[in-house]
Number of protein chains: 2
Amino acid sequence: MRASDTAYAALRDDILHWTTPPGTVFAEVEQAKRLSLSRTPVREAFARLTSEGLLVALPGRGLVVSDLSRDTIIELFELRIVLESEAARLVAGRRDPKVFRELLDEFRLAPALLERDDDRDEYYALVTRLDAAMDVAVGSRFLMTAIRQLRPHLVRARRLARDNRKRLLAAAGEHLTIVEAIVDGDAQLAADATSVHLKKSLKNILDSVDSMATGAIATIAEPAPDFTHKNLTTSTIPTS
Amino acid sequence: MRASDTAYAALRDDILHWTTPPGTVFAEVEQAKRLSLSRTPVREAFARLTSEGLLVALPGRGLVVSDLSRDTIIELFELRIVLESEAARLVAGRRDPKVFRELLDEFRLAPALLERDDDRDEYYALVTRLDAAMDVAVGSRFLMTAIRQLRPHLVRARRLARDNRKRLLAAAGEHLTIVEAIVDGDAQLAADATSVHLKKSLKNILDSVDSMATGAIATIAEPAPDFTHKNLTTSTIPTS
DNA sequence: CTCCGAGTGAGTGTATACAATAGAGACAAA
DNA sequence: TTTGTCTCTATTGTATACACTCACTCGGAG
């Protein structure tokens with residue numbers, strides 16, 4: 001594995017897991033020392049993270065972990081709904097029936113799976129397999145690229161959500177509807193069901209966010225103290 | 001201006017103007033020498049172009065200018081239609097009426113503008129102003145980022161199209177309909193009119209492509225034969 | 001007390017040397 | 001003739017020194 005990949009993976013994980021919350025400032029030398037690498041691979045990792053929108057350049061001071069406000073999450077899902085509905089529509093037309101028929105059988109068993117809290121991970125794995133199957137079946141390079149661009153931000157947003165069993169059961173039902181539509185080749189239904197699912201998913205996240213103290217995401221992780229007096233924690237940082 | 005920006009701009013222009021056609025292989029040292037720079041900024045430019053999908057890594061041999069086949073153009077427009085229709089829908093709801101009312105007046109005069117071939121550039125400039133106004137009015141960071149990602153590819157595709165006066169007049173009418181819908185705040189019409197416009201625009205490009213000899217874009221510039229069968233899709237980074 | 005400007009330092013931007021790697025071709029063996 | 005391997009070489013990957021830029025600060029003038 002290349003050193004730049006190591007740096008990229010490490011920094012990306014830190015950001016996605018809120019270890020380095022929005023507002024955290026990164027500098028090349030500092031991170032190079034921490035990761036025991038030279039500046040070059042760190043620099044490359046920074047460039048990748050910046051192009052993904054996870055970091056934002058702060059002229060003369062370094063790079064700051066981008067903000068993820070309530071409004072940003074809404075914008076994120078607005079686009080996600082458009083893209084994934086379209087993806088579902090395409091998949092319903094182009095799918096390999098066998099693959100999705102198997103997934104359908106599994107999703108029918110999902111509620112049983114969710115009865116026991118222990119198997120929650122197994123359900124998440126199933127959803128991941130569905131995503132992977134869709135990725136393959138979409139067959140549009142550009143659409144997939146656009147969807148992939150959203151994923152890191154979605155991972156960050158998901159960590160704000162609290163998945164209770166009720167929500168998971170509902171989600172399982174929504175997924176079932178989507179897969180059924182795909183197997184049936186009903187493109188419009190697949191698109192609409194995806195839209196429904198994602199809107200409910202967004203609502204779940206927003207409910208979690210709103211129920212947090214002081215209406216703020218910042219509660220999850222306190223920004224480093226030496227940045228709080230700057231206007232970094234406010235959402236005014238442009239993202240390229 | 002930073003050296004890496006110089007390198008990026010130079011290479012990007014070459015690719016967008018088909019000076020370096022699909023299949024052209026770039027190497028860091030070679031380009032560094034040509035541009036009288038060190039490898040570092042060239043390397044950074046390569047990274048940016050790769051993340052935009054204009055270059056594709058060819059392990060051990062360098063980077064190759066990505067392919068732009070007929071099918072790719074269709075995929076490109078499939079996504080463009082989805083994104084820009086959505087953008088138009090949002091703008092119709094969030095627009096600043098004054099700005100678009102002015103644009104409306106200008107588009108009403110567009111046919112007269114197009115009567116003389118000389119003023120074609122002026123019409124292109126008007127379209128550019130419309131795009132810029134929409135960019136501002138959309139108000140969604142993620143949607144705009146996604147649209148911007150398509151632009152370089154669209155520039156490449158556009159150079160395959162032959163804009164005759166008839167097509168331009170029709171396009172002017174389509175634009176007029178879009179702007180009218182935005183001024184009226186009719187979101188659905190704005191979206192649909194955008195979809196219509198882009199589908200006609202795609203058809204125009206495809207007609208141009210198809211009327212070229214030997215099925216292709218390759219006529220413009222012969223791709224090196226040994227890259228066409230390679231798997232040139234962009235590398236996939238796991239979402240972890 | 002406020003404002004302006006030069007100094008200072010932290011941080012990025014660039015060049016370049018050296019290391020690692022992966023294709024390409026030659027050559028030998030089956 | 002084919003196939004496997006070995007070596008060579010072109011190209012990228014990494015480290016590091018040095019140059020430059022800009023934000024922050026401190027001091028002096030108003």
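Q: Which residues come closest to DNA strand C, and what makes a residue count as near the strand?
A: This is a predicted model, and in it 17 residues surround DNA strand C. The closest are A:Glu28, B:Arg2, B:Ala3, B:Ser38 and B:Gly60. To count as near, a residue needs its C-beta atom within 6 Å of the strand.

Q: Which elements give two or more residues to that surface?
A: Both chains chip in. Chain A offers helix 2 (28–34) and strand 3 (62–65), while chain B offers helix 1 and helix 3 (39–51). Helix 3 of chain B has the largest share, with 3 residues. Sorted by class, the surface near DNA strand C has 7 nonpolar, 5 polar and 5 charged residues.

Q: What about DNA strand D: which residues come nearest there?
A: Of the 17 residues around DNA strand D, the nearest are A:Arg2, A:Ala3, A:Ser38, A:Gly60 and B:Glu28. At least two residues each come from helix 1 (3–16) and helix 3 (39–51) of chain A, and from helix 2 (28–34) and strand 3 (62–65) of chain B. Here helix 3 of chain A supplies the largest share, 3 residues. The class split is 7 nonpolar, 5 polar and 5 charged.

Q: How do you know how the two copies are related?
A: Lay chain A on chain B: a turn of 180° and a shift of 0.0 Å along the axis do the job, with an RMSD of 0.0 Å. The two copies are therefore related as by a two-fold rotation axis. In chain A, the residue that comes closest to this axis is A:Ala146, with its C-alpha at 3.1 Å.

Q: How many residues of each chain are in contact, and what makes two residues count as a contact?
A: The C-beta atoms of the two residues must lie within 7 Å of each other. By that test, 23 residues of chain A are in contact with 22 residues of chain B. On the chain A side, helix 3, helix 4 and helix 8 each give two or more residues. Helix 8 gives the largest share, 10 residues. By class, this side of chain A has 10 nonpolar, 6 polar and 7 charged residues.

Q: What does helix 7 of chain B look like when you check its span?
A: Its 18 residues (141–158) should span 26 Å at 1.5 Å a residue. The end C-alpha atoms are 25 Å apart, so the two values agree. There is also a kink of about 35° in this helix, centred on B:Pro152.

Q: Which residues of helix 7 of chain B are buried, and what do they pack against?
A: They are B:Phe142, B:Leu143, B:Ala146, B:Ile147, B:Leu150, B:His153, B:Arg156 and B:Ala157. Their packing partners in chain A are helix 4 (70–94) and helix 8 (141–158). Within chain B, the partners are helix 1 (3–16), helix 4 (70–94), helix 6 (120–138) and helix 9 (187–210).

Q: Why is B:Met144 called partly exposed?
A: Count its neighbours: 19 other C-beta atoms lie within 10 Å. Being buried takes 20 or more, and being exposed takes 12 or fewer, so B:Met144 falls in between. B:Met144 sits in helix 7 of chain B and touches B:Asp135 and B:Val138, leaving aside residues up to four places away in sequence. B:Met144 and B:Ala87 are 57 residues apart in sequence, but 8.2 Å apart in space, C-alpha to C-alpha.

Q: Why is A:Trp18 called partly exposed?
A: A:Trp18 has 17 other C-beta atoms within 10 Å, so it also lands between the cut-offs of 12 and 20. You'll find A:Trp18 in the loop between helix 1 and strand 1 (25–26) of chain A. Its phi is positive, about 60°, although A:Trp18 is not a glycine.

Q: Is B:Ser36 buried or exposed, and how do you know?
A: With 8 other C-beta atoms within 10 Å, B:Ser36 meets the limit of 12 or fewer, so it's exposed. B:Ser36 lies in the loop between helix 2 and helix 3 of chain B. Phi of B:Ser36 is positive too, near 55°, in a residue other than glycine.

Q: What is chain A built from?
A: Chain A has 11 helices and 3 strands. Of its 240 residues, 34% are buried.

Terms used. Residues are numbered from 1 along each chain as its sequence is written. Chains are lettered from A and ligands numbered from 1 in the order in which they are written. This is a predicted model: local features need pLDDT of at least 70, side-chain atom pairs count only at pLDDT 80 or more; totals for chains, interfaces and linings use all residues. Helices (H or I, at least four residues) and strands (E, at least two) are DSSP runs, numbered from the N terminus. The expected span of a helix is 1.5 Å times one less than its number of residues. The bend at a residue is the angle between axes fitted to the seven residues ending there and the seven starting there. Ala, Val, Leu, Ile, Met, Phe, Trp, Tyr, Cys and Pro count as nonpolar, Asp, Glu, Lys and Arg as charged, and the others, Gly among them, as polar. Copies are superposed by least squares on the C-alpha atoms of residues with pLDDT of at least 70 in both.
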